[in-house]
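Subject: Structure handover

Hi,

Here is the structure I promised to pass on. Have a look at it first, and my notes follow underneath.

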There are 2 protein chains.
Amino acid sequence: MTTARRSDTTRAAILEAARERFAADGYERATIRAIARDAGIDPSMVMRYYGNKEGLFAAASEIDLALPTLGALPSKHIGAVLVNHFLDRWERDDVLTGLLRVGVTNEAGAARMQAIFGAQLGPVTLGVCPRPEEAPARAALVASQILGMALARYVLRLPPAVEMSRDEVVAWLAPTVQRYLTAETP
Amino acid sequence: MTTARRSDTTRAAILEAARERFAADGYERATIRAIARDAGIDPSMVMRYYGNKEGLFAAASEIDLALPTLGALPSKHIGAVLVNHFLDRWERDDVLTGLLRVGVTNEAGAARMQAIFGAQLGPVTLGVCPRPEEAPARAALVASQILGMALARYVLRLPPAVEMSRDEVVAWLAPTVQRYLTAETP
DNA sequence: CCGATCGGTCAACGCTTGTTGGCCTACGCT
DNA sequence: AGCGTAGGCCAACAAGCGTTGACCGATCGG
């Protein structure tokens with residue numbers, strides 16, 4: 001184990017400020033200077049600890065979706081469980097919002113999004129869908145609906161999407177996700 | 001009617017270059033200089049004709065979704081018709097891609113997206129959904145699925161979403177959209 | 001045929017950005 | 001106590017940005 005460095009609190013402050021700025025502004029408008037100001041330190045410290053802006057984003061966008069293993073629970077409910085889990089994840093912190101905002105205009109951000117959803121959502125679908133070779137496509141369909149709702153609700157803030165209650169969102173999306181995962185191919 | 005000006009071809013060249021750049025790079029990285037270079041003219045012309053960068057984006061992102069009136073056709077098929085129409089719209093030019101890329105990081109872009117989907121998709125749903133007061137929410141649900149697929153397929157380019165054939169996309173999404181529009185509230 | 005207007009270029013402005021290197025301070029080990 | 005090193009600040013850099021205003025040639029109506 002690596003011993004705790006004296007600078008760990010500063011590193012953490014930078015990371016927290018970076019996540020907020022990336023989530024609020026996207027890649028280009030989240031300037032290193034603004035992030036440093038939020039963290040209460042000099043911009044050059046960001047460079048020292050994370051190399052450059054790309055490195056900072058890479059560190060700030062690390063995330064574990066912590067998806068539940070769906071195999072264990074009644075297969076009728078996996079849609080609702082998954083939608084609920086993603087809404088939780090989206091509202092707990094702003095890493096996912098940042099990832100989405102950056103992924104849309106930045107090549108590296110898009111690659112990271114691909115990697116995260118491929119590596120974390122892929123295996124989960126593999127466990128519950130009828131034919132294993134369809135798992136990637138089904139995962140992409142689920143991702144499209146989840147990301148689409150996140151886009152409308154948390155990023156574009158389309159008024160009707162914002163005003164829907166969480167239960168309404170779950171009630172509408174759960175059957176969709178359920179079908180994408182378990183239905184026979186149409 | 002306004003008579004044709006001599007500079008119309010230049011104006012059109014600027015607009016075309018702007019649409020491509022906004023679609024490819026988003027708002028910040030689509031620089032006026034790059035757009036002018038693409039259009040083969042001086043950056044100051046862009047300012048002369050469109051005032052400033054915001055004005056250029058406003059002009060470049062004007063779009064008529066040309067949604068079909070769904071009332072006239074068998075209500076079983078409106079999901080498929082709508083999904084097909086949006087895929088067409090998305091692939092014909094890159095205005096929608098630009099709108100999405102800009103809307104995610106730019107306040108004015110988000111507002112424009114809200115306006116377009118509210119004003120153009122809203123009325124269409126009003127015509128086909130059971131209870132009129134639910135129309136905005138249903139429109140937002142449809143938008144979330146359509147935008148989510150566009151995001152995955154045309155912007156983030158998640159490999160499985162790109163590799164799906166157009167018919168597969170329609171086959172999977174049409175029932176979802178159909179349900180969002182016409183099903184009883186769950 | 002001449003002058004006004006239009007389409008266009010050029011050079012510069014003020015500002016912000018990511019990034020660098022030098023310098024100072026204060027902690028922690030021996 | 002003393003020294004090395006880690007943590008931090010400051011000032012500056014080159015480049016790129018949106019935007020401006022002066023200038024020039026062609027076009028065209030009277």
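A term to settle before the details: a polar contact here is a pair of N or O atoms within 3.5 Å, and within protein one of the two must be able to donate a hydrogen and the other to accept it, with residues adjacent in sequence counting only if both atoms are side-chain atoms. One such pair joins the side chain of A:Lys53 to DNA strand C, where an N or O atom lies 2.9 Å from a phosphate oxygen.

Now the housekeeping. This is a predicted model, in which local features need pLDDT of at least 70 and side-chain atom pairs count only at pLDDT 80 or more, while totals for chains, interfaces and linings use all residues. Residues are numbered from 1 along each chain as its sequence is written, chains are lettered from A and ligands numbered from 1 in the order in which they are written, and side-chain values use heavy atoms, with hydrogens and water left out.

Chain A first. It has 10 helices and zero strands (DSSP runs, H or I of at least four residues for helices and E of at least two for strands, numbered from the N terminus). Its C-alpha atoms fill a box of roughly 55 × 45 × 25 Å along the principal axes. The domain assignment splits chain A into domain 1 (8-60) and domain 2 (70-182); such bounds come from an automatic or database domain assignment. Between these two domains, 13 residues of domain 1 and 12 residues of domain 2 take part in the contact, meaning heavy atoms within 4.5 Å. Their C-alpha centres are 27 Å apart.

Back to DNA strand C. It is surrounded by 19 residues, and the closest are A:Thr31, A:Arg33, A:Lys53, B:Thr10 and B:Arg48; a residue is near a strand if one of its heavy atoms lies within 4 Å of it. Sugar or phosphate holds 52% of the strand C atoms within 4 Å of the protein, and bases hold the rest. Besides A:Lys53, a backbone N or O atom of A:Ile32 sits 3.1 Å from a phosphate oxygen of strand C. On the base side, a polar side-chain atom of B:Ser44 is 3.0 Å from a base nitrogen of strand C. The elements giving two or more residues to this surface are α2 (32-39) and α3 (43-50) of chain A and α3 (43-50) of chain B. Which element gives the most to the surface near DNA strand C? That would be α3(B), with four residues. By class, the surface near strand C has five nonpolar, six polar and eight charged residues (Ala, Val, Leu, Ile, Met, Phe, Trp, Tyr, Cys and Pro count as nonpolar, Asp, Glu, Lys and Arg as charged, and the others, Gly among them, as polar).

On to DNA strand D. Here 19 residues surround the strand, with A:Ser7, A:Asp42, A:Arg48, B:Thr31 and B:Arg33 the closest. Of the strand D atoms within 4 Å of the protein, 54% belong to sugar and phosphate. A polar side-chain atom of A:Thr10 comes 3.0 Å from a phosphate oxygen of strand D, and a backbone N or O atom of B:Lys53 is 3.0 Å from a phosphate oxygen too. A:Arg33 places a side-chain N or O atom 3.5 Å from a base nitrogen of strand D. At least two residues of this surface come from each of α3 of chain A, α2 (32-39) of chain B and α3 of chain B. The top contributor is α3(A), which gives four residues. The classes near strand D are five nonpolar, six polar and eight charged.

Two backbone oddities to check. A:Arg157 is not a glycine, yet has a positive phi of about 55°; A:Arg157 lies in the loop between α8 (135-155) and α9 of chain A. B:Ala66, also other than glycine, has a positive phi near 50° and belongs to the loop between α4 (53-60) and α5 (78-92) of chain B.

Cheers
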